Amino acid sequence: MTAYPARADTFTLSAPVRLWEDGFATDPFAYYATLRAQGPVGWAELAPGVSAYIVTDRRAALDLLHDTESFSVDPRPWEKTVAEDSPVLGMMRWRPNALFADGGEHIRYRRTLLDAFDLVEPHDLRERVHRSVDLLVSRFGPDGEADLVTQFARPMMALIFNNLFGLPDSESGRLDAALGRMMEGGDRAAQGEAEYGKYVMELVGAKTAERGDDLTSRLLDHPLGLTPEEVTWQVFLMLGAGHEPSANLISNALSRILGNSAYYSTLTSGSRPVMDAVMEVLRYETPLANYGVHFARESTSFHGMWIQAAVPIVVSFGAMGHFAERDFAGAHHPHDASHMSWGAGPHSCPVKQPALLIATEAIERLTQWLPDLRPLVPREQLGWRPGPFHRSLTALPVAFTPRSPDQAGDRA
Ligand code: HEM
């Protein structure tokens, strides 16, 4: 691995905060507090030996995300400095897709994604969510107990995406497993990336041979004329960018609903909408905790930190949320959307409305089937998956009165 200069002569860097440690998953606030003590931009490691600047301040984050002249999203100069087997490459390696493209190329790719998703009508998406929830509840409902992460949120997102992009339900387990490994950024990240690549290649291959009524076929036939290879990389991005954060949005929101007596006692009476819990997660505990990866085009001073070119500068949506919870919890109107969980600027999430619809519909449908969900583990004792990028529960065990979706008159 080639070492890159970690500091400029006139600036002193603190010891890097290790976002790859298990302790970060257990107590992110402590790590964010250390970063914030360094100023609006802190110094961290995303993996052993992989350093990055971390932006924990909202003003600095907005400046970064909007300043396309000084900052690029192209990671290729940085990649030359990173070991081939670095576990973060799965999430940060350059690919010809919207996330890693600047300027006109970015606009072209992003247009195709927006147009493809625009054709999914909300009522159609709602039906797909209901179908997926019903299928999963039919599997675990009769048991009276379930883990809402591994038996609900994750497989549900895999079912929906698999279905939207045009593969049969039987393929969804592969998608879920591969993406999970890649996102954790640990020993199995490279294996996850390879499995995920294979899944996407096979999907685009199948749709190139025979079109269907699905997002992959729409990308292949888009008037902007993406090549099959370009389509492969946009699909790779959409599935990857969508599955993990949406599954985590759902499970983090469910954990807040079940772990908070105010929510829990009112949920079944319907007086407190599920959207409140989803907004709470977006505001305080966003699933995509540290991303928005940029690179200074030339070394520069930025909010008090000397930023070396070709070193990642990452937005900590997670830090901003944790500080907001500490400073403002309860002060927001339930529908105040002044958080940054969807990012900002040209690369902000293009699919936030469908993602919100999926999350709220999924939770509502689940709680219609199983109105007396009870947490088996207090929220403070739940485990979180390691990894610098996400805020993701390992499990959310619950109990409930056994139900089967086949039972007549079971659901309201
Ligand atoms: C249906 C589910 C979703 C899909 C298909 C999706 C897709 C995408 C895509 C394609 C991008 C890149 C856009 C670009 O570079 O122009 C993006 C960016 C982003 N998404 Fe989503 N997303 C989904 C759900 C979510 C969720 C649930 C969150 C978190 C709450 C989220 C947070 C973000 C953020 C923060 C960015 C900006 C990243 C950056 O600046 O590098 N997304 N999303």
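**Group meeting: sheets, helices and the ligand shell**

Let me start with the smaller pieces of strand pairing and build outward. There is an open sheet of 3 strands, whose order is 5-11-10 and whose pairing is antiparallel. At its edges sit strand 5, covering 145–147, and strand 10, covering 374–375, each of which pairs on one side only. Strand 5 meets strand 11, residues 397–399, in the antiparallel sense over 3 bridges, and one of the pairings to look for on the screen is E145 with its bridge partner in strand 11, A399.

I should say at this point that what you have in front of you is a predicted model, so please hear everything that follows as a description of that model. The protein chain has 412 residues, of which 46% are buried, and it contains 16 helices and 11 strands. If we take the contacts between residues at least 6 apart in sequence, 72% of them join residues at least 24 apart.

Now to the other sheet. This is an open sheet of 6 strands, with the order 1-2-3-9-6-4 and with mixed pairing. Its edge strands are strand 1, at 17–18, and strand 4, at 71–72, and each of these pairs on one side only. Strand 1 and strand 2, the latter being residues 41–47, run parallel and are paired over 2 bridges; there, V17 has A44 of strand 2 as its bridge partner. On to strand 3, strand 2 is joined by 6 bridges, and these two strands run antiparallel.

Within that antiparallel pair, A47 has V50 of strand 3 as its bridge partner, and the hairpin that strand 2 and strand 3 form has 2 residues between the strands, with G49 taking a positive phi near 80°. How enclosed is strand 2 by the rest of the structure? Since 6 of its 7 residues are buried, strand 2 is largely enclosed.

Across this sheet lies helix 3, residues 58–66, and the strands it lies across are strand 2, strand 3 (50–55), strand 4, strand 6 (290–296) and strand 9 (312–316). Relative to strand 9, helix 3 runs at about 130°.

Let me turn to helix 10, which takes in residues 189–209. Helix 10 has 21 residues and reaches 30 Å from its first C-alpha to its last, close to the 30 Å expected at 1.5 Å a residue. Its buried residues are A189, G192, E193, Y196, Y199, V200, L203, V204 and K207. Looking down the axis of helix 10, these buried residues fall within an arc of 130°, and so they line one face of the helix. On the face turned away from that buried side we find the exposed residues K198, G205 and A209.

K198 deserves a closer look. This residue is in helix 10, and it counts as exposed because it has 12 C-beta neighbours inside 10 Å, the cut-off for exposed being 12 or fewer. Its C-alpha atom is separated by 10.0 Å from that of R174, although the two residues are 24 apart along the chain.

A comparable case is R326, whose place is in helix 15, residues 317–328. R326 is also exposed, with 12 other C-beta atoms within 10 Å, and its C-alpha atom lies 8.8 Å from that of Y284, which is 42 residues away along the chain.

Next, helix 16, which I take just before the ligand. Helix 16 has 18 residues, and its reach from first C-alpha to last is 26 Å, close to the 26 Å expected at 1.5 Å a residue. Buried in helix 16 are A355, I358, A359, T360, E361, A362, I363, R365, L366 and W369. What covers them includes helix 7 (122–140), helix 8 (149–165), helix 12 and helix 14 (274–284).

That brings me to the ligand. Which residues, of the 29 around the ligand, come nearest? They are A241, G242, P245, G343 and C349. As for the elements behind the shell, helix 6 (103–118), helix 12 (228–259), strand 6 and helix 16 (352–369) each supply at least two residues. Among the elements, helix 12 gives the most to the shell, with 7 residues.

To close, I would draw your attention to helix 12 once more, since it appears in two places in this account: helix 12 is among the elements covering the buried residues of helix 16, and helix 12 also gives the most to the shell around the ligand.

Conventions: Residues are numbered from 1 along each chain as its sequence is written. This is a predicted model: local features need pLDDT of at least 70, side-chain atom pairs count only at pLDDT 80 or more; totals for chains, interfaces and linings use all residues. Two strands pair if DSSP finds at least two bridges between them. Helices (H or I, at least four residues) and strands (E, at least two) are DSSP runs, numbered from the N terminus. The expected span of a helix is 1.5 Å times one less than its number of residues. A residue is buried if 20 or more other C-beta atoms lie within 10 Å of its own, exposed if 12 or fewer, and partly exposed in between; C-beta atoms are placed from the backbone. The arc is that of the directions from the helix axis to the C-beta atoms. Two residues are in contact if their C-beta atoms, placed from the backbone, lie within 7 Å. Axes are lines fitted to C-alpha atoms, for helices over the stretch in contact, and angles run from 0 to 180 degrees between N-to-C directions. A residue is near a molecule or strand if its C-beta atom, placed from the backbone, lies within 6 Å of it.
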